[in-house]
Each structure stands twice: as C-alpha cells, then as structure tokens.
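User: Please take a close look at the charged side chains in this model, at how they pair and at where they sit in the chain.

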Amino acid sequence: MERMKILSDAKFMSTQALDDANNELKVAESELDASIESQTLAKYEYKTSLSELNRRTINSPLSGVVTARYLDAGSIVSPTDGEHPILTLAQTDRLKVQIIAPVKYFNRFKKGDLITISPEAPFNRQIKTKIAVKDSAIDAASGTFSMISYIENSGNKIPSGILCSVKY
C-alpha cells in the first residue's frame, strides 16, 4: 500500500487503483482480525474441552494392571457412588508376599526379621525382605499362621500371583 501511495503521488498510477489497493488492504486487515479472534476462540474451546475431559477422567493413585472391569468405557459414574467398583487394579510395582507357615515355626519368626523369598521358575532369584506383619493367632483348622512381606518389583520383572519359597 505504501508503495502504491508513492506511485500515486508521483502520478504513475490512477487514484482508482490506489482506492482499490486501499480497499484490499482493509479487507485483508478485517480477515486477519477475524482469524485472530477465531484462533483465540479455538484456544478457549480447547481449554474447556480439556477441562471437561479431565473432569471425566479417573486416575489411579497407583500403577498396576486391570484384572477385572465392572463397567464399560462411556458408562456414567457418580463421584459419590463408592459402593459400586469400576474395576479391580492389581499393583505390580510392589508385590505383597503372603507366607503361610506351619505352627511349629510360630516362635521362630517375628515382625522385622529378614527372610529370603525365591519365586518359582523361571523367575527364581533370591530377594531379601523383612516380615512386615505376623499374625498373632494360629488357624486351628489348618495348623498354620500367616505373615506378610513386600518386595519391590520395578519393571514388573516378577508377575503377581506366583508361588514362592521362603528361607530364614
């Protein structure tokens, strides 16, 4: 537009051509303003959609594997509906080891004792851990008692649910 104004002042182009160029400039500026407004509106719509998605997304406080689904994707769930589970999640980065031992070992073990857990083949490697919980009662029907220990399983190298042996 500036160049056309210079040419018009020097009488190298008609005033009609200058008016046409000026009108084209105003139309282009209006289209630019409309595009900027459209882009701003699209950003707000994106933020609203993202907020709506986050409101409808359920995040687990732990990492793991879904072992059972009770609802399908898209089902409506109330945030206050704590009686009906959505899914069952098995934590796999920290495994709970439940040890069932004969009653003759009851006085041998206590909470905090160091033990060695050996998962069954092909995952058989020795893992040292401590007894976290020891039952204070004995199951009379089976003549056993229970202990619980936890092992770290970063990288999910050991699948949950396999049998283990214990060494004291």
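Analyst: Helices (H or I, at least four residues) and strands (E, at least two) are taken here as DSSP runs, numbered from the N terminus. On that basis the elements of the chain run α-α-β-β-β-β-β-β-β from the N terminus on, which comes to two helices and seven strands. The model is a predicted one, in which local features need pLDDT of at least 70 and side-chain atom pairs count only at pLDDT 80 or more, while totals for chains, interfaces and linings use all residues. Residues are numbered from 1 along each chain as its sequence is written, and side-chain values use heavy atoms, with hydrogens and water left out.

The overall form gives the setting for the charges. The radius of gyration, taken over C-alpha atoms, is 36 Å for the chain, whereas a compact globule of 168 residues would have one near 15 Å (the globule rule being 2.2 Å times the number of residues to the power 0.38). Along the principal axes, the C-alpha atoms fill a box of roughly 115 × 35 × 25 Å. Of the 168 residues, 18% count as buried, where buried means under 20% relative accessible area, exposed over 50%, and partly exposed in between, with a 1.4 Å probe and protein chains only. Among contacts (heavy atoms within 4.5 Å) between residues at least 6 apart in sequence, 56% join residues at least 24 apart.

As for the charges themselves, the chain has 21 positive and 20 negative side chains, with Lys and Arg counted as positive and Asp and Glu as negative, His and the chain ends being left uncounted. The centres of the two sets lie 20 Å apart, each charge being placed at NZ of Lys, CZ of Arg, CG of Asp or CD of Glu. Side chains of opposite charge can pair when their charged atoms come close. If a salt bridge is defined as a side-chain nitrogen of Lys or Arg within 4 Å of a carboxyl oxygen of Asp or Glu, the count comes to four salt bridges, and three of these pairs, described below, can be followed in detail.

One of them lies within a helix. Glu-52 and Arg-55 form a salt bridge in which the closest N and O atoms are 2.7 Å apart, and both residues belong to helix 2 (residues 15-55), where they are three residues apart, about one turn of the helix. Glu-52 is partly exposed, with a relative accessible area of 31%, while Arg-55, at 59% relative accessibility, counts as exposed.

Another pair joins two strands. Arg-94 forms a salt bridge with Glu-152, with 3.7 Å between the closest N and O atoms. Arg-94 lies in strand 3 (residues 94-102) and Glu-152 in strand 6 (residues 144-152), so the pair ties together parts that are 58 residues apart in sequence. Here Arg-94 is partly exposed at a relative accessible area of 38%, and Glu-152 counts as exposed at 58%.

A further pair involves a loop residue. Lys-110, in the loop between strand 3 and strand 4 (114-119), meets Asp-113 in a salt bridge of 3.4 Å, N to O. The two partners fall in opposite classes of accessibility, since Lys-110 is exposed at 54% and Asp-113 is buried at 8%. Leaving aside neighbours within four places in sequence, Lys-110 is in contact with Ile-131 and Lys-134. Asp-135, which is 25 residues from Lys-110 in sequence, has its C-alpha atom 9.5 Å from that of Lys-110.

Arg-125 is another charged residue that can be placed in its surroundings. Arg-125 is found in the loop between strand 4 and strand 5 (127-134) and is partly exposed, with a relative accessible area of 40%. Not counting residues up to four places away in sequence, Arg-125 touches Ile-117, Ser-118, Pro-119, Lys-157 and Ile-158. With Ile-158 the separation is 33 residues along the chain and 9.9 Å between C-alpha atoms. The loop between strand 4 and strand 5 also holds Pro-122, which is joined to Ala-121 by a cis peptide bond with omega of about 5 degrees.

A backbone feature occurs in the loop between strand 6 and strand 7 (164-167), where Asn-156 lies. Asn-156 has a positive phi of about 50 degrees although it is not a glycine, and it is partly exposed, with a relative accessible area of 44%.
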